[in-house]
Amino acid sequence: DLGTANTLVIHNGKVVVDSPSIVARDRVTGKIIAVGKEASLMQGKTHDNIKTIRPLKDGVIADFDASEKMISLFIKSIPALKKKMFTPALRMVVCIPSGITEVEMRAVKESCERVNGKEVYLIHEPMAAAIGIGIDVLDASGNMIIDIGGGTSEIAVLALGGIVTSKSIKVAGDEFNDDIIEYMRKHHNLAIGEATAEQVKINVGAAVDSLENPPEDYEVYGRNLLDGIPRAVKVSYTEIAQALDRSIAKIEAAVINTLENTPPELSSDIYKTGIYMAGGGSLLRGLDKRISKKTQLQVHVTEDPLKAVARGTSIALKNFDKFSSFLKK
Ligand code: ADP
Ligand code: MG
């Protein structure tokens, strides 16, 4: 699962890579000096000679060379392959962000082939998510999936092994972080970085301003914009709910829009089964309730939503014959 925020690799049924999709490059030599978790620790702390890059940040490949290196280093880091002198010929199924162009898809495929992918197939993200959630995607009945990742939120209605309607918007986890940065600046005169915003979101992020199990207020560290001195400010989840409100309203609107474009026979299926949510963004407190309230439909967040797409991709690989019609060569 080549995600905009996280890349997961499953090899022989086991998760062997679960890392942020980040690389760090030395600007002088041009060399990639770190990848994944190690590179993510450098984020926001680099000096002039080091740059951290998220090759897939907005759901497109921003940097071909960096994404190639990232894919290659992740595959080479698989413990079972590291022991071998030569990487064995691999059959691979790769799930890529759905906004990716044909040219970018080919680039991903070629990167995989260079690390000995002999048979490389691509799978559409909503399809992989649905399989990972445990939906019978070949069935005639319709299902709606919302996958909220780092760069994009994908909303799709699936039936009979195909995507009937779908919508992708560039409002997801990264945008939530930007909202938090903006909020802290405006309301607390505090400058914070992306990594701090991410921590705020995980600790006190919310989509609604009243929660049954509210998190404790969270101390946020940054630089005071008035005097430039480091400072700490406590924030509550209700403040963050306010900060994220506009972005979440955009996701709600996209969901409504997709429902409006759904054929009526499938609408009735969705009415009965509800909406399924996956992706890390679905962990935001109260987001399921908020979408449920807006649509008047049941909303289910799948178990371990950060792994649903990888799970589905791995199931497609394992049951290759059953799912071969979804795989793109
Ligand atoms: P992608 O598929 O685009 O790589 P993921 O499905 O891995 O994205 O989700 C990553 C996003 O989920 C990030 O923006 C991250 O901040 C967000 N996220 C992870 N955990 C939580 C959480 N507990 N609450 C809110 N957002 C979360
Ligand atoms: Mg994803």
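Begin by selecting Asp304, which sits in the loop between β15 and α11 (308-318); keep in mind as you look around that this is a predicted model. Although Asp304 is not a glycine, its phi is positive, at about 50°. With a relative accessibility of 38%, Asp304 counts as partly exposed, because that class covers values between 20% and 50%.

From there, step back along the chain to β15 (299-301), which is one of the two edge strands of a sheet, the other being β10 (162-169), and each of these pairs on one side only. Colour the whole sheet next: it is an open sheet of five strands, in the order β10-β9-β8-β14-β15, and its pairing is mixed. If direction is ignored, neighbouring strands here are turned by 20° against each other on average.

Now select β14 (residues 275-278) together with β15, and you will find that the two pair in the parallel sense over three bridges. Within this pair, show Tyr276 and look across to β15, where His300 stands opposite.

Add helix α10 (residues 287-295) to the view, since this helix packs on the sheet and touches β8 (143-148), β14 and β15. The direction of α10 makes about 150° with that of β14.

For the last stop, move to the loop between β9 (153-159) and β10, and pick out Leu160 there. Leu160 also has a positive phi, of about 50°, although this residue is not a glycine. Is Leu160 buried or exposed? Its relative accessible area is 62%, so Leu160 is exposed, the limit for that class being over 50%.

How values were computed:
Residues are numbered from 1 along each chain as its sequence is written. Chains are lettered from A and ligands numbered from 1 in the order in which they are written. This is a predicted model: local features need pLDDT of at least 70, side-chain atom pairs count only at pLDDT 80 or more; totals for chains, interfaces and linings use all residues. Side-chain values use heavy atoms; hydrogens and water are left out. Two strands pair if DSSP finds at least two bridges between them. Helices (H or I, at least four residues) and strands (E, at least two) are DSSP runs, numbered from the N terminus. Axes are lines fitted to C-alpha atoms, for helices over the stretch in contact, and angles run from 0 to 180 degrees between N-to-C directions. Contact means heavy atoms within 4.5 Å. Buried means under 20% relative accessible area, exposed over 50%, partly exposed in between (1.4 Å probe, protein chains only).
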